[in-house]
Every structure is written in structure tokens, then in C-alpha cells.
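Trainee: Please take one part of this model and go through it closely. I would like the cysteines covered before the ligand site.

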Amino acid sequence: MSSHMHIVFAASECVPFVKTGGLADVIGALPAELVRQGHAVTVYLPLFRAVSTQLTAKRQILIQSLTIPFSDYNRFVSVVDGGTRDGVRFLFIDCPELFDREALYGTAAGDYPDNWERFALFCRAVLESSKQLGVPDVFHAHDWQAAMLPVYLHTVYAQDPALARCGSVFTIHNAGYQGWFSPQTTERLLLPWDLYRMDRLEQYDTFNFLKGGLVFADALTTVSRKYAEEIQTAEFGYALEATFRRRAADLHGILNGVDYDQWDPSHDRFIAAHYGPANLAGKAQCRRDLLHAFDAPDLPETTPVLGIVSRFATQKGFDLLAEIAERLAERELFLVALGTGEPFYENLLRSLQERFPHRFAVRVQYDNTLAHKIEAGADMFLMPSRYEPCGLNQIYSLRYGTVPVVRATGGLDDTVAETVNPGEGTGFKFHSYEAADFLHAIDRALGCFADQASWQQMMLRGMAVDYSWKQPAAEYIALYESVVRRRS
Ligand code: ADP
Ligand code: GLC
């Protein structure tokens, strides 16, 4: 039995407060499992406008004012109590001039130009707040928005008697987003220029937040084993592969779990009927409900419904979908897609619906209820990602008996098993990032769907797999313990 530890999480998203992608699902679920396994967890989030709309009770301010210094001015932040959920304590860093905005990171016009200031301030405020409200054994920072936390902790705060023995873990959820800023960021953040070196934060003449986290954290994790290997190569490392390789001994692939309280068809509160492995009947009702939600006609059972829920970003592979659209439209199927993101991909998906209304229906919006309805009502789920650190939707799909068709990359490769022999497999995979290979994988799935008996067996194999947080949380605890040992 491990001894009790206190872990402080720093992240920019967390269900149910604020979400744009899977990071929010992870921060919303992993801490509660760490608490169940006997540890204390505090989660810090910026008090974005989206977060403040979730605060029902009167705000309780725990710290009135912390001073965060910049080159020729100070900012002052307060710390707001976010209450306790499932034993996890939530604290919000309030700085309205930086966080009380329409969006989290930027608008259609581009990223907010002061993101360097917003997220560096967040990291420094978490350290300052922890000194007053509770110093943890380990700080666990997530993605580039929190990457400056280990940098501060192990440089300008290294001699702070309150923090000197704290360990740090940094998790990369997506190496494609790094936080690149101008070299002057160094002095604007009052950091010594010797941090701005190629073996530290400098990267092709920019100040790179993510790189800072990679260099300074005691231990690194990413969200699947396969992605931990991939980011050490030029294809996936987004120019940081050498830094990842340099830290390979401290880099761990820990597959994300999923929150089955939220994502399980036996009790999902957003779907038309409940079902499970012992009784699949409800899935047909969910399918009708889904088609209705997309204003699509009811379809014969022999026509499969294919689903997509995604950020519309280059990462997600929709250029492959565009390439095969005409061929897909010749097949007996109906595809429903839900997503938002880059205008280019939003328009691309919309144009598919316009050209082939009898085959494609698209909703360009963010809608959690509809996301659940797609997981439950579709027969197959498509994720042709160019890269995918973990991917949660294919794991949800497995539990909903919605057979995933995925590119064999990152967490998609680790979680979906291709059928090699009859009676095996939970989905369909393609390897090269090629439209023809994607189409071929869909065709294999369509062929299998035509044989309903073996299709049902495949659904049931997927539904039986357990990707709960129990095992991954135990792996994080072992890692925190090794970091604590190293620091003591
Ligand atoms: P990523 O974090 O790269 O976006 P993941 O598969 O890890 O990919 O997680 C995506 C999460 O965001 C899932 O919970 C998915 O249901 C949700 N999601 C993405 N787009 C939408 C949308 N348009 N509406 C509702 N939920 C969405
Ligand atoms: C990122 C990745 C996704 C992963 C999620 C949670 O957004 O793109 O693959 O599942 O983080 O770790």
C-alpha cells in the first residue's frame, strides 16, 4: 500500500467546467480515481468565462490577491474556491482581463496574441497559490498551457524553501500544439536569458512552452504507448523529436482511461434507450433517434450508419474523407458527422452534405447530447486521424457496440484490435495515411456488417473491453511515487 500523497493538477480544461477536447475528459476523470485509490488531488483551472457560468453559488475567494510580476508591470490574481467533487478539490485562478473572454485560446481571427502571458501567469499563480493553500508532493501539469509550471518550479522557484522538494510530472496530450512565442517572451516573463538556449526552451528562434515542460519536468508521460514511441520520430514529433529522444528514459506512455459513469449505454442519460451486451435491442431505437436528430429518413436495417464526432482539424484526417467521398456515396450507407473547428474543414464537411444529401448529414456545432447519440445510434465510427495521441471517441464507441474504423496510429492503434482470424478483433484499421487504404478499411467493415451474426460478435467483443481509469491511475501513482523518491 502506497503512502498518501497530494497531487496538484494544472490544466486548461476540465469536464464539467470547460471543454474543447479530450483533455477535459481526462482532467474530469483521472483525479477522482486517484482519490478513490487513496490520494488527495487539487485541480487548478483558469477562471475562463465558460467556467464562471458554471459557478452557481456565490463566489468564495480564498486568496484575495497574488502578485504575478512581468518585466515592467505586475498583474494581480485571486484564487476562487471551486468546491469539491468526488473528493477532488477545484480551485480557479481569476484574472478577468486575461481569462474572461469569449473563447479559451483564440477566435476565428487567430490565437489570442497574449497567450504567452495568460498561461505563464496561470502557471506561476498555481505555484504561488499552492504555497498558501497546500504544497503538494507532485505537480502534474498538462499540455503547453501548463508547461511553464515545471519550468518555473525547477528554475526561478528552485530555492524556494516551500517548493524545493516538490516533484513534477508533465503530460503531453498533443505534441502538435506547443505554444510558440517570440524570443522576447524570455525577458517579459523575467526569466534568465540562459533559458533561451537550444537545449532548453529555444526552438527555431521561438520561445517554446511545450519544450520547457519537456526539458524541466522530472517525468514525462503521454497518453498511449504507441504515441510515446511515435513522438520520438520526425513524422510525429513536430520538430521536438530530438528533445523527446533525449528524455526517452523518463517518458512513459500511459493509456487514457474513460469515464464509464458518463459513457456507457446501460445508463447514458442522453440517449433514447438503454442497452448492454445482454440485451442489444435498445440500440435500434437509438439509431432511429439519431437519424431523426439529423433530419434523415429512417433507413432499412441493412444500411449501416457511420458516425463522426470530432474537432475539425488537420490532425483528424478529414482530407482523406474528402478524397473518398464520391466512392462512399456509391455505397449503401449513411454518414452523420458532428464537429467544429477550422473553417476549411467545416466547409468541406458541409459541401459533402450538399453534394450527397442522401448519404451525408453534417452538424457544425458543439453538442454533447448529440455526441452521445452518435456513439449510441451509429453502427460504425470513423477516425482516420493523421496522428492521435490517445483518442477517446473510439474507446467510447467500443463500449457502445459501435465498431471503430481507424487509422493505426497512437492510441487508435493501441485500443482497436483488427480482425486477423475469424472470431477476433474489435474494429478495422488501416496503416498508411492513404485515401485508398481508408476506403478499403471501410469496405471491409461494410462486408462484415452484411453478415449480421459475425458483426454482432464483433460488437460484443468491443463492449466487453475494460478501459476504465483504474489501471492507468495506478500507473500514475507509481510514477508519482518514483518522482517523490527522486526528490527526497
Ligand atoms: P481531441 O482531444 O483530440 O479532440 P479525443 O478523442 O481525445 O480528441 O476527445 C474528443 C472529445 O471531445 C470527446 O469527448 C468528444 O465527444 C468531444 N467532442 C469533440 N467534438 C465535439 C462536438 N462537436 N460536440 C460535442 N463533443 C465533441
Ligand atoms: C488530445 C489528443 C487526443 C487525446 C486527448 C486526451 O487532445 O488529441 O488524442 O485523447 O488529448 O489525452
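Mentor: The structure, a predicted model, holds 0 disulfides. A disulfide is a covalent bond between the sulfur atoms of two cysteines. For Cys123, the closest cysteine sulfur is that of Cys95, at 13 Å, which is too far for a bond; the cut-off for a disulfide is 2.5 Å between the sulfur atoms. Cys123 has a relative accessible area of 0% and is therefore buried. Cys286 also counts as buried, at 2% relative accessibility.

Another cysteine, Cys390, leads to the ligand site, as it is among the closest residues to ligand 2, together with His173, Asn256, Glu388 and Gly391. The shell around ligand 2 has 14 residues. By class, 6 of them are nonpolar, 6 polar and 2 charged. Helix H1, spanning residues 22–36, gives the most to this shell, with 3 residues.

Oxygen atoms of ligand 2 take part in several polar contacts. In the side chain of His173, an N or O atom is 2.6 Å from a ligand oxygen. Asn256 places a polar side-chain atom 2.8 Å from an oxygen of ligand 2. With Gly391 the contact comes from the backbone, where an N or O atom lies 2.8 Å from a ligand oxygen. Taken alone, ligand 2 exposes 310 Å², and the protein buries 93% of that.

As for where the ligand sits, domain 1 (6–257 + 470–487) and domain 2 (281–464) both give residues to the shell, so ligand 2 lies between them.

Methods
Residues numbered from 1 in each chain as written. Chains lettered and ligands numbered in written order. Predicted model: local features only at pLDDT ≥ 70, side-chain atom pairs only at ≥ 80, totals over all residues. Heavy atoms only, no water. Near = heavy atom within 4 Å. Polar contact = N/O pair within 3.5 Å; in protein donor to acceptor, adjacent residues only side chain to side chain. Areas by Shrake-Rupley, 256 points an atom, 1.4 Å probe, with all protein chains shown as cover. Helix = DSSP H or I, 4+ residues; strand = E, 2+ residues; numbered from the N terminus. Nonpolar A, V, L, I, M, F, W, Y, C, P; charged D, E, K, R; others polar. Domains from an automatic or database assignment. Buried < 20%, exposed > 50% of the residue type's maximum accessible area, 1.4 Å probe, protein only.
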